[in-house]
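User: Hi! I'm new to this, so could you walk me through a protein model in plain words?
Analyst: Happy to, let's look at it together.

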Amino acid sequence: MNYLVAVLPDRIQAEAAYLALEKEGINSTILGRGYKTADEFGLIDPKDQAKKQAKLMATWLIPFGFFAGFTFSLITGLNTFAWAGEVGNHIVGGLLGAASGAMGGVFVGGGVGLLVGGGDALPYRNRLDAGKYLVAVQGSEILTRQATRILRQFDPENIQGYADTNTTVY
């Protein structure tokens, strides 16, 4: 399955592009004010995904980090924190391991993506927030090529095609 997304500056051009595609028998979707939202269409919010992934990773890495830190302190017999006593040293080692697990959950789980942003969904969401409209076409490669030809007539700000690489051929 292939996807094609064109960014148009206003509602009139988006509707004209939609009608031109419809005239050629190509189904499309308009995203923008008064039409489908990014969430309704399925444009995932990268920040939400990064938060979920970071929480999932932290759920596993914090207990693992505590266990690893406690075990390391126990095996090595280091007396790093004399004020804590023997058992307290191991517990502090476990807490430091848990903190390391939390950092790993953030960095590996998507916290960097949360801070920096990533993927194409965010620029499209930003354009929708700025009052622009998206016209999206989904179909075969031939269909999206035909749609590209039609949409170029409307001088879109951006036109981008995507190919779904998760298809299995038997």
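Analyst: One term before we start: a residue is called buried when its relative accessible area is under 20%, and exposed when that is over 50%. Keep in mind too that this is a predicted model.

User: Okay, which residues of α4 are buried, then?
Analyst: They are Gly88, Asn89, His90, Val92, Gly93, Gly94, Gly97, Ala98, Gly101, Gly104, Gly105 and Gly109.

User: And how many residues does helix α4 have?
Analyst: Helix α4 has 25 residues, from 85 to 109. At 1.5 Å a residue they should span 36 Å, and the end C-alpha atoms are 35 Å apart, so the two values agree.

User: Let's zoom out. How many helices and strands are there in the protein?
Analyst: Seven helices and four strands. Along the sequence, they follow the pattern β-α-β-α-α-α-α-α-β-α-β. The protein has 170 residues, and 34% of them are buried.

User: What about contacts in the protein, how much comes from residues 24 or more positions apart?
Analyst: If you take the contacts with a separation of 6 or more, 80% of them are between residues 24 or more positions apart.

User: Back to helices. Which residues of α1 are buried?
Analyst: Ala14, Ala17, Ala20 and Leu21. Looking down the axis of α1, these buried residues fall within an arc of 125 degrees, so they line one face of the helix.

User: Which residues are exposed on the other side of α1?
Analyst: There you find Ile12, Leu19 and Lys23.

User: What do the buried residues of α1 pack against?
Analyst: Three strands and a helix, if you read off the names: β1 (2-8), β2 (28-31), β3 (133-139) and α7 (141-152).

User: Which residue caps the N-terminal end of α1?
Analyst: That's Asp10, which has a side-chain oxygen 3.4 Å from the backbone nitrogen of Ile12. Just after α1 comes Gly25, with a positive phi of about 80 degrees.

User: Is there another positive phi, and where does a residue other than glycine have one?
Analyst: Asp155 has one, with phi near 50 degrees. You'll find Asp155 in the loop between α7 and β4 (158-163).

User: Is Asp155 buried or exposed?
Analyst: Asp155 has a relative accessible area of 64%. The cut-off for exposed is over 50%, so Asp155 counts as exposed.

User: New topic: which residues touch the most other members in the largest nonpolar core?
Analyst: Leu21, Val135 and Leu151 do, in a core of 17 residues. At least two residues of this core come from each of β1, α1, β3 and α7. The largest share is that of α1, with four residues.

User: Why would nonpolar side chains be together like that?
Analyst: As a general tendency, nonpolar side chains in soluble globular proteins are buried together.

User: What is Leu21 in contact with?
Analyst: Leaving aside neighbours within four places in sequence, Leu21 is in contact with Ile26, Ser28, Val135, Val137, Ala147, Ile150 and Leu151. Apart from the core we just discussed lies another one of eight residues, including Val7, Tyr124, Leu134 and Ala136.

User: How do β1 and β3 pair?
Analyst: In the antiparallel sense, over seven bridges. One example is Asn2, whose bridge partner in β3 is Gly139. Strand β2 also runs antiparallel to β3, and four bridges join them. There, Thr29 has Ala136 as its bridge partner in β3.

User: How many of the residues of β3 are buried?
Analyst: Six of the seven, so β3 is largely enclosed by the rest of the structure.

User: Last bit: where is Ser73, and what does its side chain make a polar contact with?
Analyst: Ser73 is in helix α3 (residues 46-76). The side chain of Ser73 makes a polar contact with the side chain of His90, at 2.9 Å. Ser73 is buried, at 8% relative accessibility. Not counting residues up to four places away in sequence, Ser73 touches Leu78, Asn89 and His90.

User: And Thr148, buried or exposed?
Analyst: Buried, since its relative accessible area is 17%. Thr148 is in helix α7, and Thr148 touches Leu4 and Ile159 when residues up to four places away in sequence are not counted.

Notes:
Residues are numbered from 1 along each chain as its sequence is written. This is a predicted model: local features need pLDDT of at least 70, side-chain atom pairs count only at pLDDT 80 or more; totals for chains, interfaces and linings use all residues. Side-chain values use heavy atoms; hydrogens and water are left out. Buried means under 20% relative accessible area, exposed over 50%, partly exposed in between (1.4 Å probe, protein chains only). The arc is that of the directions from the helix axis to the C-beta atoms. Contact means heavy atoms within 4.5 Å. A polar contact is a pair of N or O atoms within 3.5 Å; within protein, one must be able to donate a hydrogen and the other to accept it, and residues adjacent in sequence count only if both atoms are side-chain atoms. A nonpolar core is a set of buried Ala, Val, Leu, Ile, Met, Phe, Trp, Tyr and Cys residues joined through side-chain atoms within 4.5 Å. The expected span of a helix is 1.5 Å times one less than its number of residues. Two strands pair if DSSP finds at least two bridges between them.
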